[in-house]
Amino acid sequence: MTEVVQATIQFPYKRSLGPVVGAFMTALTDRRIIGIRSGDRVISPPLEWDPDTAEELDHDFVDVGPAGTVESWSWVATPTEQHPLDVPFAFALVKLDGADTAFLHAVDAGSIDAMSTGMRVAPRWRAARIGHITDIEAFVPGEEPVVPDDDGGAVDEPVTMMDYNASITYTLPVTPNAKRAEEANDEGRFLGLKCPECGRTYTGGKGYCPVDAIELTSEYEVDLPQVGTVTSYTIITPVQYPGQTETEPFSRVHVWLDDTDVILGYQPLVDVPNADVRVGMRVAAVWASEAEKADLASTAEGSLLGWIPTGEPDVDDPTLVDRIQ
Amino acid sequence: MPSADDIALIGWSISPMVRNTDKTEAQMLLEVITGAVEDAGITRREVDFTCAGSCDYVAGQAFSFVQNIDAIGAWPPKRDSHVEMDGAWAMYEAWLRLQLGDIDVAVAMGSGRSSTADPALIYPMEMDPYYLAPLGTDAASFSALQARALLDAGKVTERQMAEIAARCRRDAQGNPHAQVTGDFDVDALLAEDYVRSPLRRHDLPPITDGAVAVVIARADKARELCENPVWISGFAHYSELHYPGMRDLTSSPSTTLAAKAAGLEEAPVEVAEIQSAFTHEEPLLVEALGLGDDVAVNPSGGPLAANPIMATGLTRVAEAAAQIRDHGKHRTLAHSTSGPCLQQNLVCILEGGDK
């Protein structure tokens, strides 16, 4: 059974809307659906350019709908978490009255038996509208829009931005090599892999030699030294983006392990003031004690806490900075 | 005789197609690139240009294609490119690149691990972010809207759709790369529930992990390396509007344009490998391509037998090429598509012999 790792990635996008999509979203807050004239046609939802000629369209907006006719539909018996309704519903292409194109949205019809091509539908408005396609909760069968009793009314200022949030959980395989490298880290060792063709040595998690493009299996494993030289560094001033736990400027260094081609990138130093960080420093790995391991988050570094100066004289080699990979 | 500017396929390799691979995307590519260059009788060192098709949202990782470069063996440094599209478009770029005439051999590839996450949650991320993505519009829902339009227009019936599913999966029994194969009873299929009405499970492609790589070369090099190169006689793609409500979903004009630009009319084809991942797309594409009853459609089983997202289209090219090199056909067609409801379509015409 392959070991897997799960990671949930959030996709929090903020998007500017521009003059056309922005006008459409603003109109939604006023319980209006607008289209845009393109030649003899009315396109809704509106586009910025003529689909046939790619000419920018004049901002000649017209109200369409709010009712319309279902041109095609699909019944969604089991909605996903991203769908607008959490009960069975239909996706439908609705040709709104006065429009020449079809509008894609949900129809909350209760049952697949209530759906048919050609049926008439009208929007059910959300009470608190912000200028978003889901200000229409769904379309419902009939001619009359549904307005909630606690309707919040239109926004005061034009809508210029929208949020889009998605969250996806990914499940990825942990390769045998990555697993073995992780186990070695837990034991306070760096596992390496030596390519039998080119003789280069890589960190153990890699599955193949990227130069020769051959698979590196466990028979090519070697233990790597735990002492090395700093080849480059950076001092990072943290910006408080989501997930950033550092609050003060901190260093990250590249460490070239002795007698190998292995450069470990973006490593933390332990107890070294930023002003003392320099190329050529001799450093040794510091591993978490059993007691400290319990407090460590599960990270790619495993139980490696970082690097501490060995006290040896610096390596004086101006070409060190060329070694960053 | 081909001119010096003609370009041919000289090798290819298709990975096993499985529901859930234990390999990383780079590992899958490592195998098919090795397979393709060995099939072409060369090594990676003789490859001048590489182009990959893959998708970060599918991989669950930003710049995931950078790691995939490890599979190329990019040392000494290689000219490399990437498209966030099916590998068929990567091959299109490689084909264009070779036409500059300064280099001779290119590898194009496509790869996808659809098992990483729920495809129904990934797909909306690639849609119009204002009007479509916030509704969670997944591929099966879009396809169902197109299927309904075709049913209402009388262009297909649910029985015909079930027959297509049964035929593809029966044909796939002879394909070592297929994932879903077998003999299915059409009446039994029609008795099943809808997944997205009017689509039943058999109308949908499987969720597949897989990869494919092809080697293409300019004429002189192709003839030097290969006794039976498969010539690319035409290659074109066209796109339509993104928003499905602004298109006639009962036709596919971009497919027709691509076929014309690729020279399909010039001579008949014997086999068409088309990216009809949903059953109803087959009659629509066959009509748009103008294929007659004498053309074998998806003898490999097509995407209904294995649908490795980002590699499905390039697999069609490899299968269409195999029809010429390994099965004695003379002229075949490969098709790929991208976007909701067949928004963008690509046609590649292949020929054997000396043209």
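Two strands count as paired here if DSSP finds at least two bridges between them. Strands themselves are DSSP runs (E, at least two residues), and helices are runs of H or I with at least four residues, both numbered from the N terminus. Keep in mind that you're looking at a predicted model, in which local features need pLDDT of at least 70 and side-chain atom pairs count only at pLDDT 80 or more, while totals for chains, interfaces and linings use all residues. Residues are numbered from 1 along each chain as its sequence is written, and chains are lettered from A and ligands numbered from 1 in the order in which they are written.

Let's start with strand β5 of chain A, residues 68-76. With β6(A) this strand shares 8 bridges, running antiparallel, and Trp75(A) has Ala90(A) as its bridge partner there. β5(A) also pairs with β8(A), residues 120-125, through 2 bridges, again antiparallel; in that pairing Thr69(A) sits opposite Arg120(A).

Then comes the link across chains. β5(A) is joined by 2 bridges to β5 of chain B (residues 194-197), and the two run antiparallel. Here Trp75(A) turns up again, with Ser197(B) as its bridge partner. Of the 9 residues in β5(A), 8 are buried, meaning that 20 or more other C-beta atoms, placed from the backbone, lie within 10 Å of a residue's own (12 or fewer would make it exposed, anything in between partly exposed).

Zooming out, 51 residues of chain A are in contact with 43 residues of chain B, where contact means that C-beta atoms, placed from the backbone, lie within 7 Å. On chain A's side, β1, β5, β6, β7 and β10 each supply at least two residues, and β10(A) gives the largest share with 9. By class, that side has 33 nonpolar, 15 polar and 3 charged residues. Nonpolar covers Ala, Val, Leu, Ile, Met, Phe, Trp, Tyr, Cys and Pro, charged covers Asp, Glu, Lys and Arg, and the others, Gly among them, are polar.

Now over to helix α6 of chain B, residues 139-152. This helix is mostly covered, with 12 of its 14 residues buried, including Phe142(B), Leu145(B) and Arg148(B). What do those buried residues pack against? Their partners are β5 and β6 of chain A, along with α5, β5, β6 and α11 of chain B. The helix's length adds up too: at 1.5 Å times one less than its number of residues, it should span 20 Å, which agrees with the 20 Å between its end C-alpha atoms. Just past α6(B), Gly154(B) takes a positive phi of about 75 degrees.

How values were computed
Contact = placed C-beta atoms within 7 Å.
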